[in-house]
Amino acid sequence: MSTVQQEPLVTMRGIEKVFVGVRANAEVDFDLDRGEVHTLLGENGAGKSTLMNILSGLYTPDSGSIAVKGLPQAFRSPRDAIRAGIGMVHQHFMLVPTLSVWENVALGLEGNSILMDKDLIVKRIRDIQDRYGIHVDPMTPVWQISIGEQQRVAIIKALYRNAEILILDEPTSVLTPQEARALFETIRQITAERHGVVFISHKLDEVMDISDRITVLRKGRKVATLPVAEVTKESLAEMMVGRKVVFQVGKTLQNPGRVALEARDLVVRGDRGRTRVDHFSLDVRQKELLGLAGVSGNGQEELCDALAGIRKIEAGSIKVDGYELAGRPIREFQKRGVSYIPADRMGTGLVRGMNLRENIALRKYWRKEFTRFRFFIHWENIAGRTGQLVERFGVVHPGLGYPARMLSGGNLQKLMLARELTDDPKVVIAVQPTWGLDVSATLFVRETLLEQRDKGAGVLLVSDDLEEILSLSDRIAVIHNGRLMGLVEDPDSVTEEQLGLMMAGTCLEEFRPHSAEAPFAPGKVV
Amino acid sequence: MEVLIPILAAAVRSGTPILYATLGEILTERSGVQNLGLEGLMLMGAFMGFSVTHATGNPWLGVVAAFVKGAAISLVHAFLSVSIGANQVVSGLAVAMFGTGASALLGRKMVGLTVTGFGKIPVPVLSGIPVIGPVFFDHDPLVYISYGLAFFLYWFIFHTRPGLNLRAVGESPIVVDAMGLSAARLRYVYTLVGGGLAAVGGSYLSLAYTKMWSEGMSAGRGWIAVALVIFALWNPVRAILGSYLFGGVGAMQLRIQAAGTSFPAPILMMMPYIFTILVLLVISVKKGKGILLGSPGALGVPYSREERT
Ligand SMILES: Nc1ncnc2c1ncn2[C@@H]1O[C@H](COP(=O)(O)OP(=O)(O)OP(=O)(O)O)[C@@H](O)[C@H]1O
Ligand SMILES: [Mg+2]
């Protein structure tokens with residue numbers, strides 16, 4: 001809530017930033033008052049992160065002015081911004097995975113002695129944790145903690161430096177509903193202390209919930225700054241996209257057919273050798289979308305890697321259309337019609353340094369129509385195909401010859417869908433396909449998945465966004481710690497709360513003891 | 001046991017130059033820069049140390065000159081790797097070749113000369129301990145300094161504020177930058193210090209080990225040190241063990257040769273390298289999937305603030 005008239009915490013005027021070929025910020029003005037949550041909204045690539053990277057000293061603006069608490073500032077590096085009281089939690093958290101939590105907090109703290117007072121630092125971390133109710137063990141290495149916990153570490157890091165201006169760049173896109181609620185409590189407490197928070201998110205419900213003011217950016221320009229009372233979800237979406245947006249995806253009823261993908265008693269190990277998937281069984285039928293809910297990091301990525309054939313399984317069987325594929329080469333999975341949209345778009349999904357044509361060709365280059373004499377790559381055909389796909393999926397791109405890393409998040413995802421969904425796959429495995437995507441891109445991805453289902457594919461949708469799971473799935477499975485917590489035949493029969501509990505490790509039978517005669521118990525198939 | 005003592009003592013002596021170079025490279029690589037030029041740096045250090053000592057009569061001045069020379073050559077490598085973002089393997093190989101060639105050229109006048117260099121100074125009391133004493137405490141000062149240096153660096157890397165910055169910049173330079181530290185400055189500093197230490201290792205050869213200069217006298221120790229960094233998993237204390245192991249292989253080889261066996265000499269000379277390959281094989285297999293524990297995540301990757309990688 002805005003307080004007595006006073007100097008704003010931050011004033012940014014006429015900010016300009018051009019990257020090769022992109023005007024990421026164009027004449028942007030932005031203010032932050034004491035005690036307010038000011039949200040930045042905009043589609044993927046609208047320039048939100050760029051603007052905040054400028055405020056935190058990581059990027060240098062081409063022109064424009066910044067004042068903090070009335071004092072003009074010309075940040076030369078993040079150090080200057082930190083000194084001015086600005087703390088940023090970046091979209092891709094800036095933590096060193098091999099260091100422990102407390103070491104990450106201590107990194108870059110000013111001090112003269114070459115020794116660090118570890119006890120004092122840990123004690124201060126504990127104080128901050130108690131004060132804001134954010135808990136993480138300070139001694140654990142960061143690579144061992146969940147994404148949600150990493151989020152908390154990033155916030156603690158900023159609070160430790162007495163940040164009066166806290167920038168949170170898409171902090172909730174990887175959090176569970178419970179974690180997000182806890183974060184909002186923390187934000188409210190921070191603003192109650194008359195600090196200011198800049199919040200960035202694509203989830204309009206939470207934006208309406210937490211913000212005092214909202215600034216909408218479109219293609220690098222500011223569209224408007226409005227108090228939350230004067231906007232609705234619909235009007236915000238319209239300002240972001242520049243046209244009306246329909247929120248509901250149309251889901252038609254379908255009669256599921258035969259089993260398209262069958263997994264039995266899968267055991268899969270993670271990168272560090274631990275068992276991540278533990279005797280997991282599941283069926284996806286044709287014309288069905290099976291939602292797999294779970295907090296990220298509970299084995300779903302390893303499970304899907306295995307189902308797509310790119311990770312070795314220790315035990316169990318995988319059948320597509322009745323063909324046993326366990327232990328078979330990846331290309332056989334592809335030939336049998338398995339499409340994979342991994343969570344890790346820029347690692348497993350696409351090659352950042354390769355251009356659009358090459359990325360499209362990656363999974364298909366061996367096909368007859370893409371080769372000459374079965375040996376030489378037929379670039380003309382691939383280019384032609386890429387052009388069609390990019391057109392059909394509406395990928396905004398600087399040119400087919402540009403490397404994939406130049407695309408924004410939403411467009412990367414569209415490029416991957418274009419590659420994976422062209423030849424009517426039999427099985428589609430999509431992991432967190434809407435992470436970090438804006439409203440229209442999210443809608444597009446969801447509609448595309450449903451379209452595949454209607455065309456006859458079995459779709460496995462992995463997500464930690466319960467709203468997404470509930471609105472798209474025909475059936476819902478829940479995974480926790482690599483095990484199946486239960487399979488819900490009718491999505492209307494469960495609440496978000498119950499799914500949340502299952503995601504936290506409660507078996508379906510436990511809170512519904514009378515449904516012992518569960519119609520489907522995949523773990524027990526002989 | 002009695003026969004082993006001289007061999008163990010020789011292992012320490014012959015391992016010391018490798019230890020300096022390995023410690024230097026551990027620092028450089030911990031900061032995220034790879035410097036494959038150790039062999040050239042050692043040779044330049046050996047030459048520089050020898051010529052300054054020959055001119056002044058003071059081996060300590062020789063060591064200092066070697067350090068400065070090593071740091072100066074590494075400045076070129078740092079500039080190319082950190083400021084220009086050039087390929088570090090190419091730049092490192094260039095340093096190796098430059099050092100080998102330049103030291104051979106400049107050192108021609110020095111061939112055949114000798115210096116007094118460093119002599120044995122047994123440590124009082126400690127050198128009297130059976131076995132341990134003659135093996136570890138009956139050497140020249142540079143050996144003792146290398147012990148202290150290894151333990152100091154361990155403490156420095158894992159328990160101090162600058163050590164934390166060092167570990168972080170080798171792992172994620174962007175985080176270091178975002179936290180208000182200069183990633184480039186850190187990388188420059190440790191590339192220079194690391195190069196300096198490698199050159200000090202070289203000067204050990206000409207000032208303590210042989211007390212003379214000869215072309216190519218490091219005889220591949222610089223390359224072994226590159227491999228040893230991995231063997232040590234970027235840990236200075238483990239580097240001690242590795243260096244003496246390889247020093248021991250070298251010392252054994254000399255002794256077997258001297259004993260006049262009919263064993264073919266070229267095979268003996270291959271031993272350290274074969275051993276290097278075996279050790280790398282064993283630790284890589286043990287860690288699995290080529291994921292080497294301790295390997296700095298951003299090793300060899302240049303960083304530039306607004307550049308998308
Ligand atoms: N370091 C960079 N180098 C080149 N281009 C960049 C860089 N950073 C951002 N851009 C480009 O600037 C534009 C704005 O990007 P920005 O990351 O600010 O978008 P955003 O609003 O945060 O989007 P998202 O919702 O996907 O996070 C995009 O077109 C992006 O590709
Ligand atoms: Mg962003």
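Which side chain does A:Arg213 meet in a salt bridge? In this predicted model, the partner is A:Glu36, at 2.8 Å from N to O. The two come from distant parts of the chain: A:Arg213 sits in strand 9 (residues 213-218), A:Glu36 in the loop between strand 2 (22-32) and strand 3 (37-41), and 177 residues separate them. A:Glu36 has 0% relative accessibility, so it counts as buried.

That pair has plenty of company, since a search of the whole structure turns up 41 salt bridges. One of them joins A:Arg363 to A:Glu420 at 3.0 Å, N to O. Here a residue in the loop between helix 12 (356-361) and strand 17 (371-372) is paired with one in helix 14 (residues 409-420), so the contact ties together parts 57 residues apart in sequence. With the cut-off for buried set at under 20%, A:Arg363 qualifies because its relative accessibility is 16%, and A:Glu420 does so at 4%. A:Lys455 and A:Asp424 also pair up, at 3.5 Å, linking helix 15 to the loop between helix 14 and strand 19 (427-431). Elsewhere, A:Glu16, A:Arg23, A:Glu27 and A:Arg221 form a salt-bridge network.

Turning to pockets, the second largest has a volume of about 1000 Å³. Its lining takes in 43 residues, with A:Lys203, A:Leu204, A:Asp205, A:Asp465 and A:Glu467 nearest the centre. Helix 6 of chain A gives the most, six residues. By type, the lining splits into 15 nonpolar, twelve polar and 16 charged residues. Domain 1 (10-241) and domain 2 (259-337 + 425-521) of chain A both contribute to this lining, so the pocket lies between them.

Note on methods: Residues are numbered from 1 along each chain as its sequence is written. Chains are lettered from A and ligands numbered from 1 in the order in which they are written. This is a predicted model: local features need pLDDT of at least 70, side-chain atom pairs count only at pLDDT 80 or more; totals for chains, interfaces and linings use all residues. Side-chain values use heavy atoms; hydrogens and water are left out. On a 1 Å grid over the protein atoms alone, a cavity is a set of points where a 1.4 Å probe fits but cannot get out, and a pocket is an open set with protein on both sides within 12 Å along at least five of seven lines; lining residues have an atom within 4 Å of a point. Grid points are joined across faces, edges and corners, and a volume is the space filled by probe spheres set on the points. Helices (H or I, at least four residues) and strands (E, at least two) are DSSP runs, numbered from the N terminus. Ala, Val, Leu, Ile, Met, Phe, Trp, Tyr, Cys and Pro count as nonpolar, Asp, Glu, Lys and Arg as charged, and the others, Gly among them, as polar. Domain bounds come from an automatic or database domain assignment. A salt bridge is a side-chain nitrogen of Lys or Arg within 4 Å of a carboxyl oxygen of Asp or Glu. Buried means under 20% relative accessible area, exposed over 50%, partly exposed in between (1.4 Å probe, protein chains only).
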